[in-house]
Amino acid sequence: MYKFIIRGGQPLSGDVFISGAKNAVLPIMAATLITPGHFILRNVPDLRDTRTMLKLLEIIGAKVNFSDGKMEIDSTTCSNPVAPYEVVKTMRASFDVLGPLSSRFRYAKVSLPGGCAWGPRPVDLHLKALKALGTEVTLEGGYIIVKGAASGAEINFELSSVGATKNALMAAVKAEGQTIIQNAAREPEITALIDFLNALGADISGQDSTRLCINGVKELKNELDFTIIPDRIEAGTFLITNLLLGGEIRLHNVNPEHLAIVLTKLQEAGSRLEITADSILSQGGPSIAPVNITTAPYPGFPTDLQAQWMALMSRAVGDSIIIDEIYHDRFTHVAELNRLGARIKLEQNVAVVEGVARLTGAPVMSTDIRASASLIIAGLAAAGETEVSRIYHIDRGYEKIETKLKNIGADISRVRG
Ligand code: UD1
């Protein structure tokens, strides 16, 4: 097991190259299973989660080569439409293969994600969509089994779900007839998946809106070269870190349009930003103004930046309120931030953050990808030494985080222990 040792206090300076988006590449890797073909994906981040999806594709029978951001997938050899518990329990996004496998094989056997149970809980909307498309969906021994061919249908999601929208799209691409998805998620990663599928020969319209129309096609192409969009959450994390620590950094390979609300909030809080089509120059101000946020589906403030925003607000001059409307219990970082001297009170999904003049280093523990990021950036802002343990979480979603931070002047090292 590794941990980070962080010595806080240094302002940042230099260039950061943003990696490809984790949440875009995972469903696109899954989508290569829909049709037998040869695919090249570029700008692929080397993350634990990408490696997990790679392993899953290999279990299903694909041949995958991955180096230097380029992933080659040969899905012509796939013959085992099964996603085993051992893999799915480590990464919920493994569930993305459900739609593709059922489309290609008219049969899929995919373990329920760890901790979830049958019923009106986290994958109920995925299953509802597959049932609406006419497939038979059952649960056997912890596995969801989908049987039969899909045919076009109207799917109306009662709440916006990224995962359910992805599975519905991928199951419907080759279904006979037309599928309409109402209240679809419209995160940029969904648009990226639609771009990939349309480039492959699918007929999907309505991208960037909450109403998607899919005209089923009989055949898809058998090869495609596709570039993954930049990771807006990684970019947002670096911008928040810069405002917290001060200094000046320039992000490259970023899409500012995907960060619109985050950039507005950062400017309100004191960031000075110069924005071009694919870069952002960011200067931390002399102080941090308190700015409230409420997370919401895109284009709202992303829940995946809520924990990092809380680390920032813990040093604001004044009080702020942070509400998570997507995940009501996504607050494991609160107690850890308080160990560093933050003053945060939590009531259900509402955190009241009283800004403090100083954070002080302490040992803290990561609990998930974004909570880890929040603890690292709080540690970088704290006086003295902070030890962040269980950092395998951060490696799931941030490529070479300590190298990127060191390159801009942070004092962070990975040690065994
Ligand atoms: C994706 C992202 C994750 C992000 C989240 C919200 C990936 C790999 N992960 O997760 O980083 O935090 O979107 O932007 O892309 N829900 C149900 N039933 C369902 C599905 C979801 O009730 O069948 C609820 C969830 O509990 C949650 C809300 O819907 O409250 C949104 O979840 P969803 O958009 O599905 O998140 P994920 O796709 O799992």
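Buried means under 20% relative accessible area, exposed means over 50%, and partly exposed covers what lies in between. The exercises below apply these cut-offs to a predicted model.

**Exercise 1. Classify Ala410 and place it in the chain: is Ala410 buried or exposed?**

Step 1. Locate the residue. Ala410 sits in the loop that runs between helix H14 (401-407) and strand S24 (411-416).

Step 2. Apply the cut-off. The relative accessible area of Ala410 is 8%, so the residue is buried.

Step 3. Look for a partner along the chain. Ile377 is 33 residues from Ala410 in sequence, and the two C-alpha atoms are 9.8 Å apart.

**Exercise 2. Do the same for Glu187, Lys128 and Ile214, and state which class each one falls in.**

Step 1. Glu187 belongs to the loop between strand S11 (178-182) and helix H7 (188-199). Its relative accessible area is 10%, and therefore Glu187 counts as buried. From C-alpha to C-alpha, Glu187 and Thr210 are 9.8 Å apart, with their positions 23 residues apart in sequence.

Step 2. Lys128 is part of helix H5. A relative accessible area of 38% makes Lys128 partly exposed. Ala164 is 36 residues away along the chain, and its C-alpha atom is separated from that of Lys128 by 8.8 Å.

Step 3. Ile214 is in strand S13. With a relative accessible area of 0%, Ile214 is buried. Arg396 is 182 residues from Ile214 in sequence, and the C-alpha atoms are 32 Å apart in space.

**Exercise 3. Describe the cover of helix H1: how many of its residues are buried?**

Step 1. Take the bounds. Helix H1 spans residues 22-31.

Step 2. Count. Nine of the ten residues of H1 are buried, and the helix is mostly covered.

Step 3. Name some of them. The buried residues of H1 include Lys22, Val25, Leu26, Ile28 and Met29. Pro27 and Ala31 are also among them.

Step 4. Recall the helix geometry. An α-helix has 3.6 residues a turn, so residues three or four places apart point the same way.

**Exercise 4. Describe the ligand site: which residues are closest to the ligand, and which parts of the chain supply the shell?**

Step 1. Count the shell. The ligand is surrounded by 20 residues, and the closest are Pro122, Asp124, Ser161, Asp304 and Ile326.

Step 2. Sort the shell by class. Eight of its residues are nonpolar, six are polar and six are charged.

Step 3. Assign the shell to helices. Helix H5 (124-132) and helix H6 (162-172) each contribute at least two residues.

Step 4. Assign the shell to domains. Domain 1 (2-19 + 230-416) and domain 2 (22-227) each provide at least three residues.

Step 5. List polar contacts made by oxygen atoms of the ligand. One pair joins a ligand oxygen to an N or O atom in the side chain of Ser161 at 2.6 Å. A polar backbone atom of Val162 is 2.7 Å from a ligand oxygen. For Leu125, a polar backbone atom is 2.8 Å from a ligand oxygen.

Step 6. Work out the cover. The ligand taken alone exposes 740 Å², of which the protein buries 82%.

**Exercise 5. Review the backbone: where is the cis peptide bond, and which residues other than glycine have a positive phi?**

Step 1. Check omega. The bond from Tyr298 to Pro299 is cis, and its omega is near 10 degrees. Pro299 is in the loop between strand S18 (293-294) and helix H10 (306-313).

Step 2. Check phi at Asp208. The value is positive, near 75 degrees, and the residue is not a glycine. Asp208 is placed in the loop between strand S12 (203-205) and strand S13 (211-215).

Step 3. Check phi at Asn253. The angle is about 55 degrees, again positive in a residue that is not a glycine. Asn253 is in the loop between strand S15 (247-252) and helix H9 (260-269). Because its relative accessibility is 30%, Asn253 counts as partly exposed.

**Exercise 6. Examine the cysteines: how many disulfides are there, and are Cys78 and Cys213 buried or exposed?**

Step 1. Set the rule. A disulfide is a pair of cysteine sulfur atoms within 2.5 Å.

Step 2. Apply the rule. The count is zero disulfides.

Step 3. Classify the two residues. Cys78 has 8% relative accessibility and so counts as buried. Cys213, at 11% relative accessibility, counts as buried.

Definitions and conventions: Residues are numbered from 1 along each chain as its sequence is written. This is a predicted model: local features need pLDDT of at least 70, side-chain atom pairs count only at pLDDT 80 or more; totals for chains, interfaces and linings use all residues. Side-chain values use heavy atoms; hydrogens and water are left out. Buried means under 20% relative accessible area, exposed over 50%, partly exposed in between (1.4 Å probe, protein chains only). A residue is near a molecule or strand if one of its heavy atoms lies within 4 Å of it. A polar contact is a pair of N or O atoms within 3.5 Å; within protein, one must be able to donate a hydrogen and the other to accept it, and residues adjacent in sequence count only if both atoms are side-chain atoms. Accessible areas come from the Shrake-Rupley method with a 1.4 Å probe; for residues, only the protein chains shown count as cover. Helices (H or I, at least four residues) and strands (E, at least two) are DSSP runs, numbered from the N terminus. Ala, Val, Leu, Ile, Met, Phe, Trp, Tyr, Cys and Pro count as nonpolar, Asp, Glu, Lys and Arg as charged, and the others, Gly among them, as polar. Domain bounds come from an automatic or database domain assignment.
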